[in-house]
Amino acid sequence: MATVNSYSKSTTSATIPLVTRLHGWVSSVDHKQIGIMYLIMSFIFMVVGGLEAFLMRAQLWEANNTLVGPETFNQLFTMHGTTMIFFVIMPMLAGFANYFVPLMIGARDVAFPRLNALGFWLSFFGGCLLYYTYLGAEGLYGASNAPDIGWFAYAPLTSPAYSRGNATDYWILGTMMTGAGTIAFGVNLIATIFTMRAPGIRLTKLPLFVWMMLIDAILILLAFPPLTAAQVMLLFDRYLGAHFFDPQSGGSALLWQHLFWFFGHPEVYIMALPAFGIVSEIIPVFSRKVIFGYASMAAATAAIGLISVGVWAHHMFTVGMNDMVDTFFAASTFLIAIPTGIKIFNWVATLYGGRLQLRTPMLFALGFLSMFLIGGLTGIMLSVVPFDWQISDSYFLVAHFHYVLFGGSLFALIGGFYYWFPKMSGRMMNEQLGIWHFTFLFVGFNVLFFPMHIAGLLGMPRRVYTYAEPEWEIWNQLSTVGAAVMGVGFLLFFINIAHSLRHGETAGDDPWDAWTLEWATTSPPATYNFEEIPTVESRRPLWDLKHPDDPDSQYE
Amino acid sequence: MLSGVCLCALAGEFVFAEPSGTSSEAASAVAHTEANATLAVPGTRLPGQDGSQEGWAITLSPLSPPAQTISDLFYLILGIMVCIFLVVGTTMAVLIFRFRAGRNEPGGEPPQIYGSKPIELAWTVGPAIIVFVLFLVTARSIFDIRATTPPKEAIHVRVVGHQWWWEFQYLDHNVTTANELHVPLSTDGTPRPVYLDLESADVIHSFWVPQLAGKTDLFPGRVNHMWFQPNRAGWFIGQCAEYCGTQHAHMWLRVKSESEDEFQKWVAQQQKPAVLNSAVSAGRDLFLSNACANCHTIRGTHAKGIFGPDLTHLMSRETIASGIRLNNKENLTQWVQDPQAIKDGCRMPDMQLTEDSTQKIVAYLLTLH
């Protein structure tokens with residue numbers, strides 16, 4: 001099979017028929033093409049999940065609104081949460097990891113290219129299977145039926161008695177399939193990082209993005225199998241008369257929560273670590289300085305990975321566990337704040353004495369830093385257990401995790417997109433549009449999510465399709481306005497991508513004057529990545545090349 | 001273990017600077033909350049209702065010891081978090097402003113700083129100390145709120161969560177009611193804390209009245225516990241806080257705190273069987289001969305259903321449909337006619353009653369004082 005280098009805008013692609021080019025994509029086992037397909041998948045689902053969110057915001061515009069009914073609203077928040085986590089953030093981080101980890105370690109591909117393709121297609125079709133629920137799940141509500149169980153699907157709401165029809169099964173199978181794809185991705189990444197590094201890249205010389213993706217992949221292997229097991233148990237409950245989660249037959253609804261959050265909390269860090277990694281690449285390059293405290297960054301990442309498998313029950317402080325269990329999980333949650341703090345301080349310290357170039361990727365990285373700081377601090381507040389009793393499952397919590405996952409993860413991932421777009425496409429993104437995108441997104445984000453803290457403190461619970469309290473109205477209206485502003489931001493983003501793909505300035509190999517190996521090859525890189533496998537002596541191989549008189553290797 | 005408890009206690013004294021003892025705190029809390037009460041919104045949730053209720057669920061105008069402890073805790077941790085945010089945020093802003101690249105700067109890279117062991121150690125140990133103190137405060141307040149033994153005068157209520165309403169069983173008084181929990185007001189000499197046993201008949205729910213206490217889930221197959229002790233008379237509003245299906249948004253919850261006399265009067269009234277009024281016997285016969293009796297109990301008749309709320313003293317409640325409508329003739333008629341129109345998806349079906357039957361049944365229900 002001829003390999004089609006269709007991600008490059010070379011003259012050859014115009015002469016190859018479309019079908020052949022598409023065939024080149026779907027049959028590809030090239031890590032870069034798979035990476036780009038992950039990103040495209042993520043953007044498609046981002047539009048869908050964003051529209052779902054906007055419909056919810058429209059419904060909550062005023063008290064006692066009747067724009068969408070209760071079933072529809074409950075389906076919307078279930079689908080929004082599931083989509084954003086499994087089909088937006090996960091594929092986006094997988095896309096970047098696929099594309100850039102091999103490049104950054106000087107490899108020609110991942111360790112198992114075919115497994116890589118399998119992982120992507122499982123993830124993608126998992127998403128399709130989930131959305132097929134709108135067509136395929138016969139239920140009580142006619143043609144339009146989707147799961148309405150919430151993204152964490154607490155038993156026994158998922159039992160046949162309370163969730164009739166097949167919508168819940170589509171949720172189970174769709175996310176399970178994606179989970180299998182994610183596990184394949186994790187295995188592959190670990191094998192790649194451990195076995196395919198170019199000569200000279202010892203583990204202590206890995207770029208921080210690669211370090212964090214390594215810990216990330218290990219967490220994936222720890223977190224996803226328990227979820228898959230729980231989902232199989234749930235299917236047994238629903239179809240084979242098992243009673244794992246059915247309290248009326250001696251099962252335990254609490255067991256589901258333990259199994260789910262044993263996946264669910266590491267999952268939060270699975271989504272956050274790649275963001276940390278991207279920011280650890282962007283901030284040094286645009287500060288023109290080496291990262292402050294490489295070793296403590298790597299160590300903090302490992303510590304986060306370790307502690308994050310021991311904090312899951314802090315999602316469950318209201319279920320009535322005993323005092324000692326509550327205290328233990330409060331302690332572990334406080335503990336994880338320490339390595340997270342180290343990271344934030346190291347990023348801030350990297351700014352000191354630098355020469356900051358406030359280009360779009362840097363703006364997003366700094367946006368990440370400030371928003372993640374707020375999300376992290378409210379996270380510490382929530383680990384004060386009695387405060388959690390009051391505020392858990394309120395809008396305060398919704399604000400908290402959006403500051404972490406959107407203001408945190410997604411801001412950094414979008415920053416990564418601006419940073420690496422020149423490498424992937426050979427062209428620069430438009431800087432003006434980029435700055436407008438950032439401005440709309442940053443302002444819209446805060447107008448949308450900050451008022452939710454207040455609505456929560458005023459007693460507004462999450463997942464209500466309507467409310468009657470007039471005092472909550474203003475905070476909800478602010479949120480809705482913020483959502484609209486953010487919508488404009490995303491529109492600018494997609495316009496920017498479409499425009500820059502055709503008309504963007506030619507990027508050249510190394511437009512940011514950066515230091516890691518991906519910038520040592522052409523933009524976009526050839527299928528084989530590097531003509532000659534580079535030999536590396538420090539964490540910043542390109543710095544060494546550019547400053548032969550003062551190489552990094554003498555300081556590490 | 002023992003030393004840990006001592007440390008917790010020490011941290012508590014250090015931070016709060018006043019003795020805790022949750023129940024003894026109630027008296028001083030009253031004075032404290034007078035000021036906060038202005039934060040409370042007049043109850044405007046139901047059209048046409050007078051402003052007698054205490055207002056909506058505001059976590060920061062606590063009117064009961066557990067909520068008070070949490071509110072104090074909130075201001076403490078908020079203060080610490082705001083300080084951290086200001087320090088880190090300001091540092092960031094200053095650094096960005098100070099070190100942004102100018103237009104006409106000389107080429108070449110700035111000095112490279114690879115790290116500093118003492119500095120990195122400092123910002124590992126500093127946060128560690130802060131979270132350690134926070135942990136001690138947390139542990140102490142967990143035990144503070146939870147570790148109380150019910151006094152003799154405590155009221156025990158078994159709360160059963162249903163899709164989408166609340167059942168309240170007063171075990172000591174043999175009274176069952178729904179959606180509106182009546183509790184006596186404590187006086188200085190006689191504290192009357194309310195102890196709840198929380199259970200669920202179907203899926204997970206969560207009992208949350210923010211001005212009284214934090215939330216606790218109602219779990220099928222488990223019995224959970226919580227307590228509160230309102231220090232002011234009036235209505236307290238809350239709602240189910242754990243997503244429990246279609247009408248989760250309309251699973252409202254009202255707690256009425258009233259003087260001991262009023263409470264005893266209410267209990268005595270609730271203990272009586274249903275009123276028998278021959279003027280509405282047609283409606284009663286319809287109620288008993290239709291499927292109504294399969295789901296609802298009316299004590300003194302053979303209606304003994306347990307799937308819906310006990311209607312024995314329906315008219316002693318201010319609201320219907322789990323708090324979302326006022327309990328009056330007009331709303332009751334609408335509800336009996338077509339509950340789905342008021343609460344889409346609720347478990348009570350449209351009974352396909354004729355206009356005439358509806359009127360008769362409502363006339364009967366209106367006598368159930």
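Buried means under 20% relative accessible area. Thr360(A) has a relative accessible area of 1%, so Thr360(A) is buried. This is a predicted model, and that residue is a good place to enter it.

**Two sites in chain A**

Thr360(A) belongs to helix H11 of chain A, which covers residues 360-382. Leaving out residues up to four places away in sequence, Thr360(A) touches Tyr418(A), Glu431(A), Gly434(A) and Ile435(A).

Tyr239(A) sits in another element: helix H7 of chain A, residues 208-239. With the same sequence neighbours left out, Tyr239(A) touches Asn166(A) and Asp169(A). What joins the side chains of Tyr239(A) and Asn166(A)? A polar contact of 3.2 Å does. Ala97(A) is 142 residues from Tyr239(A) in sequence. In space, the two are 38 Å apart, C-alpha to C-alpha.

**Where chain B meets chain A**

On the chain B side, 87 residues are in contact with 101 residues of chain A. Together the chains bury about 7,900 Å². Carbon and sulfur atoms account for 68% of that area. Three residues, Tyr114(B), Trp123(B) and Tyr243(B), supply 10% of the area that chain B buries against chain A. No other three residues supply more.

Polar links also cross this interface. There are 26 residue pairs in polar contact, both residues at pLDDT 80 or more. Helix H3 (65-99), helix H4 (117-146) and strand S7 (216-218) of chain B each supply at least two residues of the side that touches chain A. That side of chain B divides into 50 nonpolar, 24 polar and 13 charged residues.

How many salt bridges does the rule find across the interface of chain B and chain A? The rule finds three. One pairs Glu109(B) with Arg288(A). Their closest N and O atoms are 2.6 Å apart.

**Confidence in chain A**

The mean values for parts of chain A are set out here.

| Part of chain A | Mean pLDDT |
|---|---|
| Whole chain A | 93 |
| Helix H1 (residues 11-15), lowest | 58 |
| Helix H3 (residues 31-59), highest | 97 |

In chain A, 96% of the residues score at least 70. Residues 1-11 of chain A are another matter: pLDDT stays under 50 there. The model still has 24 contacts for this stretch beyond four places in sequence. Where pLDDT is low, the predicted coordinates should not be read in detail.

Key
Residues are numbered from 1 along each chain as its sequence is written. Chains are lettered from A and ligands numbered from 1 in the order in which they are written. Side-chain values use heavy atoms; hydrogens and water are left out. Contact means heavy atoms within 4.5 Å. Buried area is the accessible area (1.4 Å probe) that two parts lose on being put together, summed over both. A salt bridge is a side-chain nitrogen of Lys or Arg within 4 Å of a carboxyl oxygen of Asp or Glu. A polar contact is a pair of N or O atoms within 3.5 Å; within protein, one must be able to donate a hydrogen and the other to accept it, and residues adjacent in sequence count only if both atoms are side-chain atoms. Helices (H or I, at least four residues) and strands (E, at least two) are DSSP runs, numbered from the N terminus. Ala, Val, Leu, Ile, Met, Phe, Trp, Tyr, Cys and Pro count as nonpolar, Asp, Glu, Lys and Arg as charged, and the others, Gly among them, as polar. pLDDT is the predictor's confidence in each residue, from 0 to 100. Buried means under 20% relative accessible area, exposed over 50%, partly exposed in between (1.4 Å probe, protein chains only).
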